[in-house]
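Thanks for coming. I will show the structure first and then go through a few parts of it.

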Amino acid sequence: MSDGGAVLPRRPLGSTGLELSVLGFGASPLGGSFGAVDDSVGIAAVHHAFRRGINFFDTSPFYGLTKSETVLGQALRDLPRSELVLATKVGRYGHRPADFDFSAARVTASVAESLARLQVSYIDIIQCHDIEFGDLDQIVNETLPALAALRSQGLVRHVGITGLPLEALQYVLDRAAPGSVDTVLSYCHYCLNDTTLAAAIPALRAKGAGVINASPLSMGLLTRAGPPAWHPAPPPLREAVLAATAHAEGRGHDIAALGMRFAMRQPDVASTLVGMYDIDLVDKNISATLQALGLEPGSGAEGADADAVLGEVLQMLEPVKDLSWPSGRPVP
Ligand code: NAD
């Protein structure tokens, strides 16, 4: 469905048979991860996104400690279930090491809880959330088999893994039983300051996984408002991004629009999930996507020399290119 104009393209997600809108709705902001959001504003954003062609919605029990799932569930019950691709997660329930639990019993109970909060009878993609905080061998030997059992029962349709270190994702894919990992979600690794996902994609795909890119704005780092207090970016990266943001601003461009323009041109991911919570952000990101893909002309300063300024910003970020931060346990 679309409100007219260019239609958001869809791409296949690995061998799942699912077709995802190239822009996906990241629902962590609905849980308040980036500041308080009124439920009705978030629900209107989800409805608007669907009307404009977004069919992929991603959440987790962790986002807002179940709030994101609850609000998303309220929004989705008004939409046709068979036209939605709904992804959520298991295993992460807070920030402390004790808040991770990838045991078969916990993830099985977790799926039941998510189904209730989301008000659905099945989940399209269930993902192990931030696997690097768990024991990767437990994910392979216990968590994935438990999720496969839920898949056979029809409670979930596909199984995935998510995390920051690309080596952790590859470690699990290399050891998991064939067909047990349908999707991989990587975040903060395909954006203006970090493109390490691109080189990892062939090996991820070789194991049969469909690839999802998340956090194209590096969890708010690449926005005028700047990153949230909890953002883990090291100081040199923050400083370089601040300078690039000011430069873009001086040239009449919003760093976030440039960030979306850049990320949405990655052709080898099925979808890119950006965090959104209101109608305005949905419209902005759909426009940025259509313009990035050459499906909609840009207007005024935003369109005319966006690529030139994008090139300047990329050059300014070159000294901190691919600079990341530690996450979870070392990969064995
Ligand atoms: P993001 O890079 O999408 O940035 C989100 C922030 O940018 C929010 O503050 C949002 O309000 C703001 N924003 C979005 N579009 C904007 C625009 N056009 N202009 C200005 N500001 C804009 O980071 P994210 O939300 O962390 O990632 C997107 C989604 O990906 C998440 O909501 C989640 O669904 C998923 N994700 C999953 C994992 C995981 O599984 N481990 C990790 C990160 C993200």
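Let me start with one residue: is Gln119 buried, partly exposed or exposed? Gln119 is partly exposed, because 15 other C-beta atoms lie within 10 Å, and the cut-off for buried is 20 or more. Please keep in mind that this is a predicted model.

Gln119 sits in the loop between α3, residues 104–118, and β6, residues 123–128. Its phi is positive, about 60°, although Gln119 is not a glycine. Most residues other than glycine have a negative phi. Ser218 is another case: its phi is positive, about 45°, and Ser218 is not a glycine either. Ser218 belongs to the loop between β9, residues 210–214, and α7, residues 235–250. Ser218 counts as buried, because it has 24 C-beta neighbours inside 10 Å.

Now the overall fold. Eight strands form a closed barrel, in the order β3-β4-β5-β6-β7-β8-β9-β10, and the pairing is parallel. From one strand to the next, the twist averages 30°. On the sheet packs α3, which touches β5, β6 and β7, the last of these being residues 156–163. The direction of α3 makes about 140° with that of β5.

Two of the strand pairs can be looked at in detail. Strand β4, residues 56–58, and strand β5, residues 85–90, run parallel and are joined by three bridges. In that pair, Phe56 stands opposite Val85 of β5. The second pair is β7 and β8, which are parallel over four bridges. Here Gly163 stands opposite Ser186 in β8.

Let me stay with β8. Why is β8 described as largely enclosed by the rest of the structure? Because five of its five residues are buried. In a regular strand the side chains alternate between the two faces of the sheet. In β8, Thr183, Leu185 and Tyr187 are on one side, Val184 and Ser186 are on the other, and all of them are buried.

Next, the nonpolar core. The largest one has 102 residues, and those that touch the most other members are Val46, Phe57, Leu72, Val172, Val181, Val184 and Leu258. The largest share of this core comes from α8, with seven residues. Which residues does Leu72 touch, not counting those up to four places away in sequence? They are Ala27, Leu30, Val46, Phe57, Thr59 and Leu118.

Then there is the ligand. Around the ligand are 28 residues, of which Gly26, Ser28, Ala214, Ala256 and Gly275 come nearest. The elements giving two or more residues to this shell are β8 (183–187), α8 (255–263), β10 (271–275) and α9 (279–292). Sorted by class, the shell has 15 nonpolar, ten polar and three charged residues.

One last residue is Gly31, in the loop between β3, residues 23–26, and α1, residues 39–51. Gly31 is buried, because 24 other C-beta atoms lie within 10 Å. Setting aside neighbours within four places in sequence, Gly31 is in contact with Tyr63, Gly64, Lys67 and Ser68. As for distance, the C-alpha atoms of Gly31 and Pro145 are separated by 29 Å, and the two residues are 114 residues apart along the chain.

To come back to the loops: Gln119 is partly exposed, whereas Ser218 is buried, and so is Gly31. That is what I wanted to show.

How values were computed. Residues numbered from 1 in each chain as written. Predicted model: local features only at pLDDT ≥ 70, side-chain atom pairs only at ≥ 80, totals over all residues. Buried ≥ 20, exposed ≤ 12 C-beta atoms within 10 Å, placed from the backbone. Near = placed C-beta within 6 Å. Nonpolar A, V, L, I, M, F, W, Y, C, P; charged D, E, K, R; others polar. Core = buried A, V, L, I, M, F, W, Y, C linked by C-beta atoms within 7 Å. Contact = placed C-beta atoms within 7 Å. Pairing = 2+ DSSP bridges. Axes fitted to C-alpha atoms, helices over the stretch in contact; angles between N-to-C directions.
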